[in-house]
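Me: Hey, I have a new structure open and could use a quick tour. Can we go through it bit by bit?

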Amino acid sequence: MRKLVHEEVDREIANKSVNIAIKMLKPELDQLMKGLREAVQAPVKAAGKAAVNKIHPTTGKQSVKTLIRQGQGVSSIPLADEGLKDFQKIAKKYGVDFAVVKDKEASPPVYTVFFKAKDTDAITRILQDYSAKQVKKPSVEKTSVLEKLKKFKEIVTAIPKKVAEKKKERSR
C-alpha cells in the first residue's frame, strides 16, 4: 500500500513539474516556431517575386499589355525581320522597355516594335544608332559559302587532268 502511495505521489509530482516546465517554455517555443515559419517563408516570397518578374517583366522585352499598363507614352516603329535583332540589342544597351508584335498578314515578316523610355534622349539615341547600323549594312546580298564552294568545284572539274601514258618496251 505504501508503494502505491509513493508511485501516485511521484506521478503527481512529475505531472506538476512537466506542467510548470511547459508553462515556462511555451512563450519561448511560440517565438521559436514563429521565427522558423518566417525563415521558411522568406525564400518563397523572394522566389515568388522573381517568378512574377520573369513572367511579366517590368524592364526590357515584355508584352504590349504590360508595357502600356506602366502609364508612360508608348512609341512604335515598323521593322523588317532582319532589323529586329539589331533593334533589340540597341534597346537593351540603352535600357529601354519594348514589346514586339508580328504582323501575321504580311508575306515577308514585318514587326511592329512598341517602346518607351523615361527620357526622349534615349529614344532619339536608339533611333540614331539603329538607322546608322541599317545604313552600314551592305545592300548587296552576300553569296553563301556553299555557292562559292560549288563554283570552285566546277572550275576544278573543268581543268583537264594530266594523263600520263606509261609505255614499256620489251627488250630481249
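Reply: Sure. One term to start with, since the sheet depends on it: two strands count as a pair if DSSP finds at least two bridges between them. Also keep in mind that this is a predicted model.

Me: OK, so which strands are in the sheet, and in what order?
Reply: Three strands form an open sheet in the order 1-3-2, with antiparallel pairing. Strand 1 and strand 2 are the edge strands, each pairing on one side only. On average, neighbouring strands of this sheet are turned by 25° against each other, direction ignored.

Me: How many bridges join strand 1 to strand 3?
Reply: Six bridges join strand 1 to strand 3. To find the pairing on screen, look for serine 75, which stands opposite phenylalanine 115 in strand 3, and for isoleucine 77, which stands opposite valine 113 in strand 3.

Me: And strand 2 with strand 3?
Reply: Seven bridges there, and the two strands run antiparallel. Strand 2 covers residues 97-103, and alanine 99 stands opposite phenylalanine 114 in strand 3. Strand 2 and strand 3 make a hairpin, with six residues between them.

Me: Let's zoom out. What does the whole chain look like?
Reply: The chain has five helices and three strands. Along the sequence they come as α-α-β-α-β-β-α-α.

Me: How much of the chain is buried?
Reply: 16% of the 172 residues count as buried. The accessible surface comes to about 15,300 Å², and 59% of that surface belongs to carbon and sulfur atoms.

Me: What about contacts between residues far apart in sequence?
Reply: Take the contacts in the chain with a separation of 6 or more: residues 24 or more positions apart account for 67% of them.

Me: Which residues touch the most other members in the largest nonpolar core?
Reply: Leu79, Phe87, Val96, Phe98, Val113 and Phe115 do, out of 16 residues in that core. The elements giving two or more residues to the core are strand 1 (75-80), helix 3 (81-94), strand 3 (110-116) and helix 4 (120-136). As background, nonpolar side chains tend to be buried together in soluble globular proteins.

Me: Phe87 looks busy. What is it in contact with?
Reply: Leaving aside neighbours within four places in sequence, phenylalanine 87 is in contact with Leu79, Phe98, Val113, Phe115, Ile126 and Tyr130.

Me: Where does helix 3 sit on the sheet?
Reply: Helix 3 lies across strand 1, strand 2 and strand 3, and runs at about 135° to strand 1. Its buried residues are Gly83, Leu84, Asp86, Phe87, Gln88, Ile90 and Ala91.

Me: What covers those buried residues of helix 3?
Reply: The cover includes strand 1, strand 2, strand 3 and helix 4.

Me: How do helix 3 and helix 4 pack?
Reply: Helix 3 and helix 4 pack at an angle of about 145°, and their axes are 10 Å apart. Their crossing is right-handed. From helix 3, the residues that meet helix 4 include Asp86, Phe87, Ile90 and Tyr94. On the helix 4 side, the contacts include Arg125, Ile126, Asp129 and Tyr130.

Me: Why does Ile90 count as buried?
Reply: Isoleucine 90 has a relative accessible area of 7%, and buried means under 20%, so isoleucine 90 qualifies. Apart from neighbours within four places in sequence, isoleucine 90 is in contact with Ile126, Asp129, Tyr130 and Lys133.

Me: How far apart are Ile90 and Arg125?
Reply: Isoleucine 90 and arginine 125 are 35 residues apart in sequence and 9.3 Å apart in space, C-alpha to C-alpha.

Me: And Gln88, buried or exposed?
Reply: Glutamine 88 is buried, with a relative accessible area of 17%. Outside its neighbours within four places in sequence, glutamine 88 is in contact with Lys61, Phe98 and Val100.

Me: Last one: what happens just after helix 3?
Reply: Glycine 95 comes there, and it takes a positive phi of about 70°.

Notes: Residues are numbered from 1 along each chain as its sequence is written. This is a predicted model: local features need pLDDT of at least 70, side-chain atom pairs count only at pLDDT 80 or more; totals for chains, interfaces and linings use all residues. Side-chain values use heavy atoms; hydrogens and water are left out. Helices (H or I, at least four residues) and strands (E, at least two) are DSSP runs, numbered from the N terminus. Buried means under 20% relative accessible area, exposed over 50%, partly exposed in between (1.4 Å probe, protein chains only). Contact means heavy atoms within 4.5 Å. Accessible areas come from the Shrake-Rupley method with a 1.4 Å probe; for residues, only the protein chains shown count as cover. A nonpolar core is a set of buried Ala, Val, Leu, Ile, Met, Phe, Trp, Tyr and Cys residues joined through side-chain atoms within 4.5 Å. Axes are lines fitted to C-alpha atoms, for helices over the stretch in contact, and angles run from 0 to 180 degrees between N-to-C directions. A crossing is left-handed if the near helix is turned anticlockwise from the far one by less than a right angle, and right-handed if clockwise.
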